[in-house]
Amino acid sequence: MTPIRRQYLNLKHSYPDAILLFRLGDFYEAFDDDARLAARELEITLTARSMGKDTKVPMAGVPAHALESYLARLIRKGHKVAICEQLSDPATSRGLVARDVVRVVTPGTVLEPALLEQKANNYLAAVVEAALPDGTLGAGLAYVDITTGEFAVTQLEGDRLALELERIAPAEVLVPRSQEAPQWAGHGPATNGQQAGFPVTPVDDADFALNAARQALLDYYQVLSLEGFGCAGLPLAVRAAGAIVAYLGRTQRAGRAQLAALNTYSTASYMTLDAQTRRNLELFQAGRAEGRQLSLLATLDLTGTPMGARLLRRWLGQPLLDLAALERRLDAVGCFFDDAFRRTEARSLLGQVPDLERILARIQAGTVTPRELLALQAGLTAAGRLAERLSDDAGPLAWLCRELAPVPQVAGLIEQAIAPEPGGPVGEGTVIREGFSPELDALKTASRDARRFIAGLETRERERTGIKSLKVGYNQVFGYYIEVSKANLGQVPPDYIRRQTLTGGERYIVAELKEYESLVLNARERVDELERSLYRQVCAQMGQSAPALSRLAGAVAQADVFAALAEVAVRHGYVRPRLDLSSTIAIKNGRHPVVERVLPPGSYVPNDVCLSNDDARLIVLTGPNMAGKSTFIRQAAIITLMAQVGSFVPASEAAIGLVDRIFTRVGLQDDLTTGQSTFMVEMVETAAILNQATPRSLVILDEIGRGTSTYDGLSIARAVIEHLHNHPRLGCKTLFATHYHELTEAAATLPGVRNFSVAVAEEEGRVVFLHRIVPGGADRSYGVHVAQLAGLPRAVVNRAWEVLAELEQRPQAAGITGGTGGRRRRAGAAAAQLTLFSAAPGGERLLEAVLALDVANLTPLEAINKLYQLQEQARQRDGTT
Ligand code: ADP
């Protein structure tokens, strides 16, 4: 076995779970099983290398300069990669080059910009679950973004853990090895835009042990108590946070990630949003529905910096419950809203600020490039000007100005130390500014003079010897030489020393040449060494200002979000919401911020809504398909959410009593990822709402009960309404959209229920959607009208009208709703519709086929085809074919 092989095996032994990339000269090589895996995953050639007598081992390598892109592919495929570097210079070290693993790259610990999404955080989380003293299941959850230094921890009830993890969406989750695989754990990348679970890394239980974890935190922060972080009395929180610190210690061996002070938070200070709600409201990802290519985030994100973009995303996922904090945000947005000049100027300055958080992390990791430092300098200047511009405002922005305190020591240092136009990478003498280090400047001058001497040598020697074809050249083996062709050998002066014979001539050196040569070569080496060391010193010095830089980055992010929200508000006519702790939500002329954007300007129809726990707390909204029911109820939820983020809202007036949770349930959605049937999913989620909502919640129900037969669905929907309305633990504000106009009956018996419908006009037998919400229930479904609009053949529509008229005349008492004659007639008609299908043999199948249709997701063409098939089936049953 060769010494290199032994060195490799020793290292590999410590990193069994990672692909070990072993630096050999200009390549990173993987061996053995790692090589096979890397070759397969990276589509690179699998070769073999001799590693001693009769031992050939599989090997696959990637060029060092291209590491980042290969690393990205391995990490995205869920692998961990240990990077082993050469620690001594192979050119100068005698014997075996020293090597060690400097970093283990995992999905949660990547630093490479190519692997990171600029506008989103990359979180590493740790989770521990255990019984609390009171016997309930508790959980500790910590998460960190090592590219920005953010580090947060919470202790919460076990059943809220999955929710909170969904909000954070970590790239990697650490769990104690002995802990059972949690239900939220997942493997592999997200499917269908939905995360099936989070990649889990089991770590030793010892890292999660309370004492070890506490000690890890105390050591990391160099403090004597955790009191200052607010988590001293939260053992599960401490265990999770300590495990993260231990893991970072093992993976970031060369330079431990620099984290901001640990922030202990409580999920109780934020509005709870579950994954369904985030998806249904299309907060971060646009849905499949036509015309909804934009998410709410994309609609609102006019931020100019990556920090601002990340902060806005965090805020949208964590609306506040704290009135004072919200007023502070709204005041700040208001300052930018009111003053166009200030807003424009601020936004233009913000556009010049680079990703301060990530540059800071790279300064601390020692991987920052000179160009990034120059960008940082420009950014600091811009931030300073921003603070100046805002500082004449003594009012609502005063606190922000204080946070925007400039960091002159860093800007000054970059100014002094870094050349304004670095010509190459660090080490070639072009990065450190002239005048910063007299030693470096002297070396560069000496090397320049020597090079000049050598450059002039050819001319001088040609003159001295009279040999016109004399040449000065350079090669790796002999260094500089003088070459004379055969014909001129007679004129070679005596001080030339012969070094090499060629077919066409001879190569010589002279003593002077060698002196200058060693000057040049030494100087180059010294410049390389010195410039690197100066650069490291400069970075280390800047690292000392990390707390100030990180505070500044946070302030810039906030200023950016405020200015962006103000800009959106001005461009699209939003107003400042009035917030209070009442139990009322009253919105005048509200609009759906995303839908209004995709419609032609001015065509969106604004609507009012008023919900109050003590009065109208449950609205049953009826109307035909495509009338605008879903849009209306989501708009109420989104406006409430925006208000609790601290944004202005799309309305002419909005008074929002803060809500603790927004629930949404949308019927008729296939949950492909879990493989549950549509109806089952629908019921599970409805159950979750009924079990978890509080009187302070806002519940949005869209077409629930649609996934089963009409009667089942109607009965369930009715029962849900009654429960939400009557249960003392609920009674929450609810918007219930349905096409079952029979549900309007509920208002007759439940005092807090109000009926509203979407107005439609009939023009020459055609229905026109007005998108206006009016009091009162819809008296019919307009199904045939909608079918007509969808382009069903005239004959079919006419026949449908005939059948409908026939049905409506048939006396039928089987309606499940009570109430007035007219309504009973409708219910009867619905029942008759059912008997039409089921009375005769074969009808059952037809009925099933109709129920199985996913009406909301049919294209007009599919609808026609389906209808044609159904008719064929009906004809066969009738024997009329
Ligand atoms: P429903 O839930 O009643 O089937 P949607 O809410 O999905 O209907 O709305 C259907 C379409 O109608 C939307 O995609 C949008 O284009 C349009 N729409 C909805 N509400 C409005 C409105 N207030 N003003 C203008 N167009 C609207």
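Analyst: A charge sits over a ring if NZ of Lys or CZ of Arg is within 6 Å of the ring centre and within 35 degrees of the ring normal. In this predicted model, R328 meets that rule over the face of W399, at 4.1 Å from the ring centre.

User: Which residue lies over the face of Y481, and at what distance from the ring centre?
Analyst: R507 does, at 4.1 Å from the ring centre. The value falls within the 6 Å limit, so the distance part of the rule is met.

User: What makes Y220 and Y221 an aromatic pair, and of which kind?
Analyst: The count of aromatic pairs in the model is 14. In the pair formed by Y220 and Y221, the centres are 4.9 Å apart and the planes stand at 90°. Centres must lie within 6.5 Å and planes over 60 degrees count as edge-to-face, so this pair is edge-to-face. Both Y220 and Y221 are buried.

User: Why is the pair of W315 and F562 called tilted?
Analyst: Their ring centres are 5.7 Å apart and their planes meet at 45°. That angle is neither under 30 degrees nor over 60, so the pair is tilted. It links distant parts of the chain: W315 belongs to helix α10 (residues 306-317) and F562 to helix α19 (residues 546-572), 247 residues apart.

User: How do you know whether W315 is buried or exposed?
Analyst: The relative accessible area of W315 is 9%. Buried means under 20%, so W315 is buried. F562, with 1%, is buried by the same cut-off.

User: Which residues have the most contacts inside the largest nonpolar core?
Analyst: They are L296, L373, L376, L404, M542, V556 and I662, in a core of 104 residues. Helix α19 supplies the largest share of this core, 15 residues. A second, separate core has 35 residues, including V144, A213, V245 and L248.

User: What is L296 in contact with, leaving aside its neighbours within four places in sequence?
Analyst: L296 is in contact with E282, L283, L316, P593, V594, I638, L641 and M642.

User: What makes the approach of S630 to the ligand a polar contact?
Analyst: An N or O atom in the side chain of S630 is 2.4 Å from an oxygen atom of the ligand. The limit is 3.5 Å, so the pair qualifies. A backbone N or O atom of K629 lies 2.8 Å from a ligand oxygen atom, and a polar side-chain atom of H771 lies 3.4 Å from a ligand nitrogen atom. Around the ligand there are 13 residues, of which V605, M626, K629, S630 and T631 come nearest.

User: Why does S697 count as buried?
Analyst: Its relative accessibility is 0%, under the 20% cut-off, so S697 is buried. S697 sits in the loop between α22 (678-692) and β25 (698-702). Its side chain makes a polar contact of 2.9 Å with the side chain of D660. Not counting residues up to four places away in sequence, S697 touches D660, R661, F663, C732 and K733.

User: How do you know that E506 is buried?
Analyst: E506 has a relative accessible area of 11%, and under 20% means buried, so the label holds. E506 lies in strand β18 (residues 505-509).

User: What joins the side chains of E506 and R498?
Analyst: A polar contact of 3.4 Å does, and this value lies within the 3.5 Å limit. R498 is also among the residues that E506 touches, which include I482, E483 and V484. The C-alpha atoms of E506 and V484 are 5.6 Å apart, although the two residues are 22 apart along the chain.

User: Why is Q222 called exposed and N589 partly exposed?
Analyst: Q222 has a relative accessible area of 69%, over 50%, so it is exposed. N589 has 32%, between the 20% and 50% cut-offs, so it is partly exposed. Q222 lies in the loop between α6 (210-221) and α7 (235-251), with a positive phi near 55°. N589 lies in strand β20 (residues 584-590), with a positive phi near 50°.

User: How many residues does the protein have, and what percentage count as buried?
Analyst: It has 881 residues, of which 50% count as buried. The protein has 29 helices and 28 strands.

Conventions
Residues are numbered from 1 along each chain as its sequence is written. This is a predicted model: local features need pLDDT of at least 70, side-chain atom pairs count only at pLDDT 80 or more; totals for chains, interfaces and linings use all residues. Side-chain values use heavy atoms; hydrogens and water are left out. Rings of Phe, Tyr and Trp (its six-membered ring) pair if their centres lie within 6.5 Å; planes under 30 degrees apart count as stacked, over 60 as edge-to-face and the rest as tilted. Buried means under 20% relative accessible area, exposed over 50%, partly exposed in between (1.4 Å probe, protein chains only). Helices (H or I, at least four residues) and strands (E, at least two) are DSSP runs, numbered from the N terminus. A nonpolar core is a set of buried Ala, Val, Leu, Ile, Met, Phe, Trp, Tyr and Cys residues joined through side-chain atoms within 4.5 Å. Contact means heavy atoms within 4.5 Å. A residue is near a molecule or strand if one of its heavy atoms lies within 4 Å of it. A polar contact is a pair of N or O atoms within 3.5 Å; within protein, one must be able to donate a hydrogen and the other to accept it, and residues adjacent in sequence count only if both atoms are side-chain atoms.
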